[in-house]
Amino acid sequence: MTAHYLPNNLPTHIQHYIDGKFVESVGGETFDVLDPVSNANYATAAAGQKADIDLAVAAASEAFINGPWPRMKPRERSRVLNKIADAVEAQESRLAELESFDSGLPITQARGQALRAAENFRFFADLIVAQFDDAMKVPGTQINYVNRKPIGVAGLITPWNTPFMLESWKLAPALASGCTVVLKPAEFTPLSASLWATIFEEAGLPHGVFNLVNGLGEDAGDALVKHPDVPLISFTGETTTGQTIFRNAAANLKGLSMELGGKSPCVVFADADVDAAIDSALFGVFSLNGERCTAGSRILVERSIYDDFCEKFAARARNIVVGDPHDPATEVGALVHPEHYNKVMSYVEIGKSEGRLLAGGGRPEGLDTGNYVSPTVFADVSPDARIFQEEIFGPVVAITPFENDDEALALANGVKYGLAAYIWTNNLTRAHNFAQSVEAGMVWLNSHNVRDLRTPFGGVKASGLGHEGGFRSIDFYTDQQAVHITLGTVHTPKFGASAAN
Ligand code: NAD
């Protein structure tokens, strides 16, 4: 095995960024950060507590109430957003190596993440310049118009899978809308988030508009969710965490956007282009190490092609290159953290009594250290199995046969989640009927996950609340105030004007 790759100039300590300055925690608390290949602590990070969140929210509130950002013309904000996109693109290879090192994503897949992050900024830069709001007329009586306003300080809480790219999903629309923000990135992967501070500063984002507080969810995240001066929380993470945040945000009736877990079906009918379906199903569940919210982690296959499908799929899975995330040949890297590795491995063990093991089932040969899991395939998995029902978030897939469309739909919908669904068929009628009946926020017909940024993004059932994407994201971060203007004489019932007085 080649030596473990270490990026140049790796920081040994990661700080918060509050009001334009890199700072430590008020009380000096830190936590250890490890890389998933050696599982050695390569850095410490400032561990934010309530006091640090208070400072970050105070800076963001000041920038919102008295600073220029919320009052700038859309074109001016848009210029800054485009400069941010240029800077993200310019740092693509640095960003990708940091991201790959910190999260264990294969380097080739980490590269795409940086370009997508840049694209998010360009997209919202364009959107706010093109945006207009409604005006409504009641002839001779009234004019009404919408006065769209940024809501205030947005709290952004993000997970560790594709950390930088997922942060961009929230940062770009929040900043484009004129909000100021406090970002609390995932504690497993704090490395890349600090890059935003320099990128934003050089692009001309005023101080206090972007604030970053590292730390654990139950400390820094919790304080952000409960802060009375933060009216909005955009959260991406586990369903159970989302439920906790939902409860904690109730006291202040906050606006919530929740992008949660998934257990998405990939449904393959006998009339499909099966080779294309196999390529896509493999990529759908094993790319990003299987640590992907929209992973097609349950594959449902029509009985007449089931045996052949399982055999071909498993042969390909056994051939997937697992290795050092920095090696360009690697297709599946190391899982983010030993805690997560143990969780995924426990499902691999559970699966051995719930399905027929066709590929993987443990650690790949020759990789004795690091959080490596072989791409694992279980066939004949029954719908009440835990590996069918529960999100594993790793390179593990359950395959289940079906006899007809009704059974396929019942299986697809028979879990608590409803994020994505992938349907493979060449029958147009079946494709649309199935797509419209499946309980999923997003459906791909004859494709894996390729998304136009204008489309709604989000899940139903336990997979989320609210849809972002395109103008929907701007709607989340802004208030649409209705202004009503009377034309001519106002006709008001005259209270207290009767003759009896
Ligand atoms: P997680 O819920 O453990 O953590 C997400 C974030 O929430 C982290 O920053 C964490 O520190 C913070 N947090 C934890 N407890 C908190 C609390 N009590 N109050 C406030 N913040 C708290 O999720 P994870 O393990 O980092 O990410 C994996 C999960 O994210 C999977 O379930 C995956 O499906 C989901 N995910 C969903 C989408 C989507 O768009 N639907 C995208 C990516 C990941």
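Which residues make a nonpolar surface patch of about 290 Å²? In this predicted model, the patch is formed by I143, Y145, I485 and L487. One of these residues, I485, belongs to strand β23, which spans residues 478-486. The relative accessibility of I485 is 34%. This value falls between the limits of 20% for buried and 50% for exposed, so I485 counts as partly exposed.

The ligand site was examined next. The ligand is surrounded by 29 residues. The closest are K184, E187, T241, L260 and E391. Two of the contacts involve side chains and oxygen atoms of the ligand. In K184, a polar side-chain atom lies 2.7 Å from an oxygen atom of the ligand. In E187, a side-chain N or O atom is 2.5 Å from a ligand oxygen atom. L260 contributes through its backbone: an N or O atom there lies 2.8 Å from a nitrogen atom of the ligand. Taken alone, the ligand exposes 840 Å². The protein buries 91% of that area.

K184 also leads to strand β9, which covers residues 180-184. Of the 5 residues in β9, 5 are buried, so the strand is largely enclosed by the rest of the structure. Its side chains point in two directions. T180, V182 and K184 point one way from β9. V181 and L183 point the other way. All of these residues are buried.

Strand β9 has a pairing partner in β8, residues 153-157. The two strands run in the parallel sense and pair over 5 bridges. Among the residues involved, V153 has T180 of β9 as its bridge partner.

Note on methods
Residues are numbered from 1 along each chain as its sequence is written. This is a predicted model: local features need pLDDT of at least 70, side-chain atom pairs count only at pLDDT 80 or more; totals for chains, interfaces and linings use all residues. Side-chain values use heavy atoms; hydrogens and water are left out. Patches are made of residues with over 30% relative accessible area and no salt bridge: like charges are joined within 9 Å, nonpolar side chains (Val, Leu, Ile, Met, Phe, Trp, Tyr) within 5 Å. Accessible areas come from the Shrake-Rupley method with a 1.4 Å probe; for residues, only the protein chains shown count as cover. A salt bridge is a side-chain nitrogen of Lys or Arg within 4 Å of a carboxyl oxygen of Asp or Glu. Helices (H or I, at least four residues) and strands (E, at least two) are DSSP runs, numbered from the N terminus. Buried means under 20% relative accessible area, exposed over 50%, partly exposed in between (1.4 Å probe, protein chains only). A residue is near a molecule or strand if one of its heavy atoms lies within 4 Å of it. A polar contact is a pair of N or O atoms within 3.5 Å; within protein, one must be able to donate a hydrogen and the other to accept it, and residues adjacent in sequence count only if both atoms are side-chain atoms. Two strands pair if DSSP finds at least two bridges between them.
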